[in-house]
Amino acid sequence: INALKFFDKNKYKFDLILIKQTIHLLSLSEIKKLLSIIKTNLTSNGKIFIFNLDTDKNELPTFKLMKSKLSKSIRRDKDILKLIIKSNTQTIKKKFFYRVKITKKKYLNMIQNRYISTLLTFTKKELNKGLREIHLKYKENINFKDKLICLILQNSSK
């Protein structure tokens, strides 16, 4: 069941609704509709937390094609974040990062399993080429900052 259907039929009220790195998978009209629907599912003091990759200077280790597609995705994410902020005047914006230390072997496995949505449309050939690029480009241990942004929307029925 998708989020739009769930929240449209939901009869419960929530103190917190968390959207973690998935809102970009929706169209702009679906995002508007989802936010409208989930606001009605909040308690009077309820909040919506929307987590997304930070669109500024992201350090995610990439290969050439992945970087290209990620850049395109991040440009769209900027539009999504602007839309959310514009339509929610009480938006609180927080940025934070996690220091990631991961072995190259584990990171390659994550890419192979398409852990980031940018990789979903890649052919097996494109993915294998990217795996080779990552293998040659990075040392056995990969360190980077995973930069995230969190938009906090408060229920406007206060």
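Select D56 to begin: at 39% relative accessibility, D56 counts as partly exposed in this model, which is a predicted one. Now add K95 to the selection, and a salt bridge appears between K95 and D56, with the closest N and O atoms 2.9 Å apart. K95 lies in strand 3 and D56 in the loop between strand 2 and helix 3, so the pair ties together parts that are 39 residues apart in sequence. K95 itself, at 45% relative accessibility, is counted as partly exposed.

Keep K95 in view and select D54 as well, since D54 also forms a salt bridge with K95, here with the closest N and O atoms 3.5 Å apart. This pair again links distant parts of the chain, 41 residues apart, with D54 in the loop between strand 2 (42–53) and helix 3, and K95 in strand 3 (residues 92–103). Is D54 buried or exposed? With a relative accessible area of 6%, D54 is buried, because the limit for that word is under 20%. Taken together, D54, D56 and K95 are linked in a network of salt bridges.

While the loop between strand 2 and helix 3 is on the screen, select K57, which has its place there. The phi angle of K57 is near 50 degrees, a positive value in a residue other than glycine, and K57 is exposed, with a relative accessible area of 72%. For a second residue with a positive phi, go to Q21, which has a value of about 50 degrees although it is not a glycine. Q21 sits in the loop between strand 1 (14–20) and helix 2, and with a relative accessible area of 27% Q21 is partly exposed.

How many salt bridges does a search of the whole structure find? The search finds four, and one of them joins E140 to K104, with the closest N and O atoms 3.2 Å apart. E140 lies in the loop between helix 5 (124–137) and strand 4 (141–154) and K104 in helix 4 (residues 104–112), so this pair ties together parts that are 36 residues apart in sequence. The two partners can be compared by their accessibility: E140 is exposed, with a relative accessible area of 52%, whereas K104, at 4% relative accessibility, counts as buried.

Next, select helix 3, where D77 has its place. D77 is buried yet has no salt bridge, and the nearest side chain of opposite charge, that of R76, is 5.1 Å away. What, then, does the side chain of D77 make a polar contact with? Its partner is the side chain of N52, at 3.2 Å.

Stay with helix 3 (residues 64–87) and select R75, which is found in this helix. At 52% relative accessibility, R75 counts as exposed. If you add K69, K72, K78 and K82 to R75, you have the residues that form a positive surface patch.

Move now to the loop between helix 2 (28–39) and strand 2, where N41 is placed. N41 counts as buried, at 2% relative accessibility, and its side chain reaches the backbone oxygen of F7 at 3.3 Å. T40 lies in the loop between helix 2 and strand 2 as well, and a polar atom of the T40 side chain lies 2.5 Å from the backbone oxygen of I37. With T40 still selected, add K105 and draw a line from C-alpha to C-alpha: the two residues are 65 residues apart in sequence and 45 Å apart in space.

Finally, clear the selection and show the whole chain. Its secondary structure comes to five helices and four strands, and, read along the sequence, these follow the pattern α-β-α-β-α-β-α-α-β. The C-alpha atoms fill a box of roughly 55 × 30 × 25 Å, taken along the principal axes. If you colour the chain by accessibility, keep in mind that, of its 158 residues, 37% count as buried; among the residues visited on this tour, D54, K104, N41 and D77 are buried.

Key. Residues numbered from 1 in each chain as written. Predicted model: local features only at pLDDT ≥ 70, side-chain atom pairs only at ≥ 80, totals over all residues. Heavy atoms only, no water. Patch = residues over 30% accessible without salt bridge, like charges linked within 9 Å, V, L, I, M, F, W, Y side chains within 5 Å. Areas by Shrake-Rupley, 256 points an atom, 1.4 Å probe, with all protein chains shown as cover. Lys, Arg positive; Asp, Glu negative; His and termini not counted. Charge placed at Lys NZ, Arg CZ, Asp CG, Glu CD. Helix = DSSP H or I, 4+ residues; strand = E, 2+ residues; numbered from the N terminus. Buried < 20%, exposed > 50% of the residue type's maximum accessible area, 1.4 Å probe, protein only. Polar contact = N/O pair within 3.5 Å; in protein donor to acceptor, adjacent residues only side chain to side chain.
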